Amino acid sequence: MTPAIRTALCLLFVSALIGFSSLVRGESVSGDVMRGWRVFHDKQCVDCHAVWDQGGRFGPDLGRTRLGQRSDGQLAGVMWNHIPKMLGWMEQTGHPPATVTADEMADLFVLMSFVRQLDEVGDPRRGEEILRNKGCAACHATNAEGDGVGPDLAKWGQYANPVIWAQLMWEHAPVMEEAMERSGMSWPKLEGADLVHLVAYVRSIAVTGEKTYLRPGSVERGQLLFLEKKCDACHPGEGPDLADANLPTSIGALASRMWNHSPEMARAMRERDVERQPVGPQELADILVYVLALGRADRDGDATHGRQVFTDKGCAQCHERDDPEIVPSLGDLGHDATPVSMAAAMWNHGRSMLERMTEAGISWPVFNDREMVDLLAFLTTVDGETTPP
Ligand code: HEC
Ligand code: HEC
Ligand code: HEC
Ligand code: HEC
């Protein structure tokens, strides 16, 4: 087992005890990573999809694709797109697709959220370079080599989780900033996986003690802490709207982003008389997971454009005809239209829809960019009773 998988499985196991959730259309979807993992196996997703190299090769490895950049609605869109390919393969190999309930699909969405926010495995050699190149080594010794202004970092080698490091760095940022100003240094910025490499380096040289793991963050707790720690005094407001900020999609990279902005945030806090609140490691984990979920939630779906999508993709040809016996009406589709319900419906009705489309000479519609998000926005404006615009 590679370290990545071991870490992942360990996290998965821990999270099974805690639960983990995702935001879908601004509301939390309660699901469970471990259950999602089981559904992923039971429904044969794993026959075609690997997660970090473990599993089938027919579809993309969900631990490695750019899933992270997509919102939940977009995820429902890409799942819709792959139905014909998937059904074709299943036919060839004699696997009938299993039905997936909406709850199971919610667990799968939570699993996919979880997978996308894990960091890649750190590389100690790159970590050492970063420590030197970013100037950390000018103040911090590691394993008592060199004597610095700042504390020796080796003792933190017991912490594998970049969030614990981010928390320590965040906590000490004001004093570090002063020390840097005194020595004429500019604030070192960390990018992408820098923090993860840095942790890997310190762990590689440290006298290892107990390995401490943090439990995965919770969106609900993070949401409360975001208010409690007064992050909302500036976000949105003087600081960027974090839901629109195009933030990185992994925890470590997001923590680095906070570090990068620390001096600016500290200045804004002084100016606005917002007291800098202490944030504990578990609290930071929760806040980071909440901020990541904000980035994935669908907002600003364009219902008017969604109407257009419904017509252009041919949905209207079947779902607005008067044979509700055979085809669900538009009002039925509108009832409870969420990314999760859409993905589950797709999964379960894909085969009969594909057959009818083939009969009717309609090719399987493909959703690009935000088309599914807009379609969902449109569907939520229709309910079972009203006639659509
Ligand atoms: C029979 C094989 C097969 C099965 C079973 C299968 N998939 Fe897929 N999946 C694919 C293929 C192939 C693609 C790539 C589609 C394409 O390129 O059009 C894909 C794409 C995806 C994508 C988009 C990935 C990306 O980065 O674009 C997601 C998400 C996904 N599948 C989720 C699932 C889930 C969840 C399940 C189980 C409920 C599942 N798939 C079952 C074959 C499969
Ligand atoms: C100009 C000197 C300076 C630089 C450069 C610097 N630090 Fe620090 N660092 C300090 C000082 C001083 C403290 C102690 C702050 C305090 O007591 O609040 C500290 C504290 C820390 C701590 C908490 C350690 C503990 O034992 O409590 C961590 C972790 C840390 N720094 C990491 C880094 C990393 C990573 C970098 C590079 C990106 C860096 N530092 C760059 C001076 C520096
Ligand atoms: C007093 C105002 C203020 C408070 C309080 C505040 N921030 Fe910020 N934050 C800012 C400003 C201003 C920026 C942009 C800084 C810059 O441009 O360098 C920022 C940037 C960020 C970024 C990076 C955004 C990006 O686009 O890269 C993150 C993430 C962030 N803040 C999270 C938080 C969290 C979490 C809290 C609560 C613990 C918090 N902030 C509290 C003002 C604040
Ligand atoms: C050729 C006809 C046809 C077209 C075109 C079509 N559908 Fe369907 N759709 C059906 C049929 C038939 C069912 C019911 C399948 C079943 O009962 O298994 C269905 C079921 C569904 C369901 C599940 C409804 C439920 O109550 O569970 C959803 C959601 C859906 N379609 C959405 C769409 C969308 C979105 C489009 C356009 C991108 C579309 N359909 C295009 C025929 C079609």
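How many nonpolar, polar and charged residues does the shell around ligand 3 have? The points below take this up along with the rest of the chain, in what is a predicted model.

1. Shell of ligand 3, by class. The residues around ligand 3 divide into 15 nonpolar, three polar and six charged. They number 24, and those that come nearest to the ligand are Cys 231, Cys 234, Gly 239, Glu 264 and Ala 268.

2. Shell of ligand 3, by element. At least two residues of this shell come from each of helix 11 (251–260), helix 12 (262–272) and helix 13 (281–296). Helix 12 is the main contributor, giving five residues.

3. Shell of ligand 1. Here 22 residues surround the ligand, and the nearest are Cys 45, Cys 48, Gly 59, Thr 65 and His 82. Two or more residues come from each of helix 3 (45–48), helix 4 (72–81) and helix 5 (83–93). By class, the shell around ligand 1 holds 13 nonpolar, six polar and three charged residues.

4. The largest nonpolar core. This core counts 42 residues, and Met 105, Leu 111, Ala 343 and Leu 376 have the most contacts inside it. Elements that supply two or more residues include helix 2 (33–42), helix 4, helix 14 (303–312), helix 17 (339–360) and helix 18 (371–381). The biggest share, nine residues, is from helix 6, which spans 102–116.

5. Position of that core. Why does the core lie between domain 1 and domain 3? Residues of both domain 1 (3–116) and domain 3 (303–381) go into it, so the core lies between the two.

6. Met 105 as an example. Leaving aside residues up to four places away in sequence, Met 105 touches Val 100, Val 340, Ala 343 and Ala 344. Ala 343 also appears with Met 105 among the residues with the most contacts inside the largest core.

7. A separate core. Apart from the largest core lies another, of 39 residues. Leu 131, Met 169, Ala 200 and Met 258 are among its members.

8. The chain as a whole. The chain has 18 helices and four strands. It runs to 389 residues, of which 36% count as buried. Among contacts with a separation of 6 or more, 81% are between residues 24 or more positions apart.

Definitions and conventions
Residues numbered from 1 in each chain as written. Chains lettered and ligands numbered in written order. Predicted model: local features only at pLDDT ≥ 70, side-chain atom pairs only at ≥ 80, totals over all residues. Near = placed C-beta within 6 Å. Nonpolar A, V, L, I, M, F, W, Y, C, P; charged D, E, K, R; others polar. Core = buried A, V, L, I, M, F, W, Y, C linked by C-beta atoms within 7 Å. Buried ≥ 20, exposed ≤ 12 C-beta atoms within 10 Å, placed from the backbone. Domains from an automatic or database assignment. Contact = placed C-beta atoms within 7 Å.
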